[in-house]
Amino acid sequence: MDPPPQHRDPVRVRVVEEERRVRANAREYNEKFQYASNCIKTSKYNIVTFLPVNLFEQFQEVANTYFLFLLILQLIPQISSLSWFTTIVPLVLVLTITAVKDATDDYFRHKSDNQVNNRQSQVLIGGGLRQEQWMNVRVGDIIKLENNQFVAADLLLLSSSEPHGLCYIETSELDGETNMKVRQAIPVTSELGDTGKLAGFDGEVICEPPNNKLDKFGGTLYWKENKYPLSNQNMLLRGCVLRNTEWCFGLVVFAGPDTKLMQNSGRTKFKRTSIDRLMNTLVLWIFGFLVCMGVILAIGNAIWEHEVGVCFQIYLPWDEGVHSAFFSGFLSFWSYIIILNTVVPISLYVSMGSVTLTPSVEVIRLGHSYFINWDKKMYCAKRRTPAEARTTTLNEELGQVEYIFSDKTGTLTQNIMVFSKCSVNGHSYGDVQDVLGAQAELGERPEPVDFSFNPLADPRFRFWDPSLLEAVKLGDPHVHEFFRLLALCHTVMSEERSQGHP
């Protein structure tokens, strides 16, 4: 057998990772490669970076940049005839309101990150299972998952409670599909079903580096001088939920930002709405109009100073430092830019008069987000879940759908199948809607079939044809075979959570 290839210098691994080497139950060995921890971060700011990063983002707004430029011009006494106070107050007000809104959004991101990072997981340490927070899980750890638990990291499935090392997962957070998917451990590790055997497991995985391909994985497991190929069918990805499986064990291969879920998430970007882009475009056009007005007025000033103003030097001397009509026109251009600054309306963001102050766009967006959270019509009573506006930046974009990519109607609707009628051996059962309608018109109240004799019956199920139940009780062989085939020929998996409650 070929020996496993030697790894590169661990200092270079974090720069360009060409392959990944993970040894089970060997934290010291794995730590020398400086793999990422399982702590995730989707927030954009912290206490140190908030002010510079947020100001950088805000000055990407054309209006904010314009008024900062105007403020700088007003600090030059040779060209300014207005106080800088008239510009800095509304500008600081706009920046402050936007900063508060952005800080609120990022606070909820930090809160969500902390909630995820502090989830509990059972990690095999020192021969026994120990409760650890997700952020403390490391590459190479062996984790035990139980039914209906989220997968903490990208795991290599080692063993499970099901025969042949099978387990079932739901991948709705990864691909939006709610149907169960099957994953299987390789036969050599599927026999490691208890913590004693797993504590002595020292297999080594050599696989591809972190990437965002959800449906592909390539690697090799080296154990006991043998090697075993690995594929995507052996992997449990972060974001999946274990279903219909009592327990399973997995080896952490990728953690935190290296998981395929986070690799597909990307960085938190500064989002712009169509209104923001429209206002930036309008401000650029208005600013261009302002520059044209300033150029025309500056040329007129230079001509007047050259033809007429020079004759009145005794009575109307030029300012100190101005020695020509051209330079006077140049200074007048900037003066007109300052005087006519109201052409570019900062009222698009905030309006400030002598005694009135109207709310800005940012305040309106923040208020809309609370209205969304408080909307009773968007409250799901079945799951007791209200609507949650995770960002206040894109509220006005709601409902503005340009494209829908859908592979089937189930993507946009809810697939609920209800047994309503059937045909057995040429006899139709359940086709009694006309009779029910006639009874309703006569004022009679139709009664559904009574299934109370069956303790496992779903009380929400309604069926209106008693002849099918009578055929079952009489032992009709065709009806019995129909239900036998219906029970066997499908892909539905039943799970009995407690006695008599599937």
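**View 1. Trp247 and Phe249, two buried aromatic residues.** In this predicted model, Trp247 and Phe249 are both buried. A search of the whole structure finds 17 aromatic pairs, and one of them is formed by Trp247 and Phe249, whose rings lie 5.6 Å apart, centre to centre, with 65 degrees between the planes, an edge-to-face arrangement.

**View 2. Phe330 and Trp334, an edge-to-face pair in helix H11.** The ring centres of Phe330 and Trp334 are 6.2 Å apart and the planes stand at 85 degrees, so this pair is edge-to-face, given that planes over 60 degrees apart are classed in that way. Both residues belong to helix H11, which comprises residues 325–339, and because Phe330 and Trp334 are four residues apart in this helix, about one helical turn separates them. Phe330 has a relative accessibility of 41% and therefore counts as partly exposed, while Trp334, with a relative accessible area of 22%, is likewise partly exposed, since the buried class is reserved for values under 20%.

**View 3. An aromatic cluster of phenylalanines.** One aromatic cluster is formed by Phe419, Phe451, Phe461, Phe463, Phe482 and Phe483.

**View 4. Lysine residues placed over aromatic rings.** The charged end of Lys224 sits over the ring of Trp223, at a distance of 4.5 Å from the centre of that ring. In a further example, Lys473 lies over the face of Phe453, and here the distance to the ring centre is 4.8 Å.

How values were computed. Residues are numbered from 1 along each chain as its sequence is written. This is a predicted model: local features need pLDDT of at least 70, side-chain atom pairs count only at pLDDT 80 or more; totals for chains, interfaces and linings use all residues. Side-chain values use heavy atoms; hydrogens and water are left out. Rings of Phe, Tyr and Trp (its six-membered ring) pair if their centres lie within 6.5 Å; planes under 30 degrees apart count as stacked, over 60 as edge-to-face and the rest as tilted. Buried means under 20% relative accessible area, exposed over 50%, partly exposed in between (1.4 Å probe, protein chains only). Helices (H or I, at least four residues) and strands (E, at least two) are DSSP runs, numbered from the N terminus. A charge sits over a ring if NZ of Lys or CZ of Arg is within 6 Å of the ring centre and within 35 degrees of the ring normal.
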